[in-house]
Amino acid sequence: MVNTKVTLSGLTLDNPIIPASGTFGYGYEFAELYDINILGSFSFKGTTKEPRFGNPTPRIAECTAGLINAVGLQNPGIEKVIAEELPKMKQCFHKPVIANISGFSIEEYAYCCEKIDKEEQVGIIEVNVSCPNVHHGGMAFGTSPEAAAEVTRAVKAVTTKPVYMKLSPNVTDIAAVAKACEEAGADGISLINTIMGMRIDLKTKRPVVANKMGGFSGSAIFPVALRMVYEVSKAVNIPVIGMGGVSSAEDVLEMMLAGATAVQIGAANLVDPFICKKIIEELPDVMNRYNIEDLKTIIGGAHNE
């Protein structure tokens, strides 16, 4: 009997499979399809202080082995998420969730994190300093080690729960950003968010998405994500949640060998809403195939030289 349990900052998950923020809503739509309590956890939709309608449409462009999205953090705002979404979520998901928080200023990050920290359902706060789809926010804080550290310190000063900083791959040295977050008190790192990309419509000769550019995700970015998880997990001594193009149980094992303790699945949910369920069900057989009895024993295994 294989052991799929992993631990993130004292939080034990039945397995390392976590749907990524923005691809799983608040869970209850997926709960109509299957029992989402089989998941390790899930990261709910990115939340800001004020309600956001998001970017103008069209917001999605298909690509070979992936897609570009420029949704722009559409969400009802922190007050409504706490008052309305969390109670609905509690009806269908009975484990601690990961709260994904975004902001347009350090004060906004701190405000939202302090609010969500008080919610019993929240096990981990994931601070998104990596969103490429909004102007003057998100990724602006994740592209410099100093700015990412400043957000980390502000959030840690007002929270009691583990804080994981979600980093942008659109940087020269992601390990330096991760180390700065660790030194500022981060409990863990999530990476990667999407890579900047675009498509152009040959008929109109204009960009396909109204925002011109957006976040490129899907299986095409998996090797880039894997490399960055490998680099970051070697550079820091805190847990890493790996994501970026994961779409199979084999991908999960690769991510964990690269140094991830848990793995988030994003774009694949939009292609196949049952993908997380399938991966969880396939994981024991794939572990047996590669003679892995306990997932915890392979974390960072590829670092052994």
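**A walk through the predicted model**

S248 sits in the loop that links β14 and α8. That is a handy place to start in this predicted model, since the loop belongs to a β-α-β unit that we will follow in a moment. With a relative accessibility of 18%, S248 is classed as buried, because the cut-off for that class is under 20%. Its side chain reaches the backbone nitrogen of D251 at 3.1 Å. S248 also has a distant partner along the chain: E282 is 34 residues away in sequence, yet the two C-alpha atoms are 8.6 Å apart.

Before going further, a word on confidence. The protein chain has a mean pLDDT of 94, and 96% of its residues reach 70 or more. The exception to keep in mind is the stretch 132-138, where the pLDDT is below 50, although in the model this stretch makes 29 contacts beyond its near neighbours in sequence. Where pLDDT is low, predicted coordinates should not be read in detail, so please treat those contacts with care.

Now back to the strands. Strand β14 covers residues 240-243, and it pairs with β15 in the parallel sense over 3 bridges. Within that pairing, M243 has Q264 of β15 as its bridge partner. To get from β14 to β15, the chain passes through helix α8 (residues 249-258), and this β-α-β crossover is right-handed. Strand β15 has another parallel partner: β3 (residues 17-19), again joined to β15 over 3 bridges. Here I18 stands opposite Q264, so Q264 is a bridge partner of M243 as well as the residue facing I18.

What covers the faces of β15 (residues 262-265)? Both of them are covered: A262 and Q264 are buried on one side, and V263 and I265 are buried on the other.

From I18 we can step across to S41, which lies in the loop between α1 (28-31) and β4 (60-63). Is S41 buried or exposed? It is buried, with a relative accessible area of 1%. Setting aside residues within four places in sequence, S41 is in contact with L13, I17, I18, P19, F93, P96, V97 and I98. One of these residues, P96, also takes part in a polar contact: the side chain of S41 reaches the P96 backbone oxygen at 2.8 Å.

The strand that follows this loop, β4, leads us to a second region. An open sheet of 4 strands is arranged in the order β4-β5-β13-β10, with antiparallel pairing. Its edges are β4 and β10 (195-197), each of which pairs on one side only. From one strand to the next, the twist averages 35 degrees. At the β4 edge, 4 bridges connect β4 to the antiparallel strand β5 (residues 66-69), and I60 has N69 of β5 as its bridge partner.

Our last stop is P207, found in strand β12 (residues 206-207). P207 is partly exposed, with a relative accessible area of 22%. Beyond residues up to four places away in sequence, P207 touches M198, R199, I200 and K212. There is also a link back to β4 in space: P207 and A61 are 146 residues apart along the chain, while their C-alpha atoms are separated by 9.5 Å.

Conventions: Residues numbered from 1 in each chain as written. Predicted model: local features only at pLDDT ≥ 70, side-chain atom pairs only at ≥ 80, totals over all residues. Heavy atoms only, no water. pLDDT = per-residue confidence, 0-100. Contact = heavy atoms within 4.5 Å. Buried < 20%, exposed > 50% of the residue type's maximum accessible area, 1.4 Å probe, protein only. Helix = DSSP H or I, 4+ residues; strand = E, 2+ residues; numbered from the N terminus. Pairing = 2+ DSSP bridges. Right-handed = clockwise from strand over helix to strand, strands pointing away. Polar contact = N/O pair within 3.5 Å; in protein donor to acceptor, adjacent residues only side chain to side chain. Axes fitted to C-alpha atoms, helices over the stretch in contact; angles between N-to-C directions.
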